[in-house]
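User: Please take a close look at one part of this model. I should then like to see how the rest of the chain is arranged around that account.

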Amino acid sequence: TSFPNPMVTSGRTGWANPPLQQPPGKGGYREAHEPREGTLNGAGDYDTIELCSQAQNCIDLGIGDTMASKINAGIDLHVDLACEELGIDYTEGVRLRAEGTGDLDEAIREATKLKDAWKRKNPEQRDYFAMISELLNDGGGSYTAMQFMSGRLRVVDRFAQAANTYFQGRTADGAKLGIFNLARECYTDRESVLWGTRPWLLLHDEVLAEVPVVTAQAAVERMCVVLREAMEVLIP
């Protein structure tokens, strides 16, 4: 028996014995999870959700919408930043990403320069970091952070912790609402194509479920709709 924790300090869920949210990539662990007879494994995954959360935070704080405008235009913020550093246009960047080119070690060595480029490409981030520093009295204090929408409270006393908590927490709240709405439809709505689907793991920004073979495609598509509509409440 594994043990879920519905609320850890960050607002995310946790899991222990075994830690299902940190599955090893080797050793056959993942392959050991087999769906029961008559079902298939299904999954719904939020795409770059914490960047979306941060973009919404900046809108709600009134410090800018550069990130949100790019996301809504279909621009991948990671590729956008890479193109800035490489001096190439966005179309070429998308092509290179698809080919899997790039030197990770070199990217790590260039981390400081990349951070500056990130702030330059998305200027509201400078104001966001300045706000966090001010709330912490320039690193000498702590304060109680309140999540947008949900109003959930968390005491923070470190810069990275405070800066992360708003987008990480907002994502966690949206994912919790999504899994709640999903379970309700799976277990109580006999008219839904999700009837008979069994969600069994919330992997922070991804939901895994057993779906009946006969309705698998439609069930997974409906699962994604339910999850997306829930997150849109937190990230309009």
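Leaving aside its neighbours within four places in sequence, which residues is H204 in contact with?

Analyst: Outside the four places on either side of it in sequence, H204 is in contact with R12, T13, Q21, Q22 and A175. The model is a predicted one. H204 belongs to the loop that runs between strand 6 (198–202) and strand 7. Its contact with Q21 spans 183 residues of sequence, and the two C-alpha atoms lie 7.7 Å apart in space. For context across the protein chain, 56% of the contacts between residues at least 6 apart in sequence join residues at least 24 apart.

Strand 7 (206–212), which follows this loop, also leads to the largest nonpolar core, as one of the elements that give it two or more residues. That core has 19 residues, and L182, L194 and M223 touch the most other members. Besides strand 7, the elements giving two or more residues are helix 1 (49–61), helix 8 (159–188) and helix 9 (216–234). Helix 9 gives the most, with 7 residues. L194 shows how one of these members is surrounded: with neighbours within four places set aside, L194 is in contact with L182, E185, C186, A219, R222, M223 and V226. There is also a second, separate core of 9 residues, including Y128, L136, A162 and A163.

Y128 appears again among the aromatic residues, since ring pairs link Y128, F129, F148, F159 and Y166 into a cluster. With ring centres required to lie within 6.5 Å, the count comes to 4 aromatic pairs. In one of them, the centres of the F129 and F159 rings are 6.0 Å apart and the planes are at 40 degrees, so this pair is tilted. It links distant parts of the chain, with F129 in helix 7 (residues 124–135) and F159 in helix 8, 30 residues apart. F129 has a relative accessible area of 23%, and therefore counts as partly exposed rather than buried, the limit for buried being under 20%. F159, at 38% relative accessibility, is likewise partly exposed.

Another local feature is the hairpin of strand 4 and strand 5. Strand 4 (residues 143–146) and strand 5 (residues 153–156) pair in the antiparallel sense over 4 bridges. M146 has L153 as its bridge partner in strand 5. The side chains of strand 4 alternate: Y143 and A145 point to one face and are buried, whereas T144 and M146 point to the other and are not. Between the two strands there are 6 residues, and M149 in this hairpin takes a positive phi near 70 degrees.

As to the whole, the protein chain has 9 helices and 7 strands. Its C-alpha atoms fill a box of roughly 55 × 45 × 35 Å along the principal axes. Of its 236 residues, 36% count as buried. The accessible surface is about 13,500 Å², and carbon and sulfur atoms account for 54% of it.

Confidence should accompany any use of these coordinates. The mean pLDDT of the protein chain is 90, with 95% of residues reaching 70 or more. Among its elements, helix 9 has the highest mean pLDDT (97) and helix 5 (residues 104–109) the lowest (64). Where pLDDT is low, the predicted coordinates should not be read in detail.

Key
Residues numbered from 1 in each chain as written. Predicted model: local features only at pLDDT ≥ 70, side-chain atom pairs only at ≥ 80, totals over all residues. Heavy atoms only, no water. Core = buried A, V, L, I, M, F, W, Y, C linked by side-chain atoms within 4.5 Å. Buried < 20%, exposed > 50% of the residue type's maximum accessible area, 1.4 Å probe, protein only. Contact = heavy atoms within 4.5 Å. Pairing = 2+ DSSP bridges. pLDDT = per-residue confidence, 0-100. Phe/Tyr/Trp six-rings, centres within 6.5 Å; stacked < 30°, edge-to-face > 60°. Areas by Shrake-Rupley, 256 points an atom, 1.4 Å probe, with all protein chains shown as cover.
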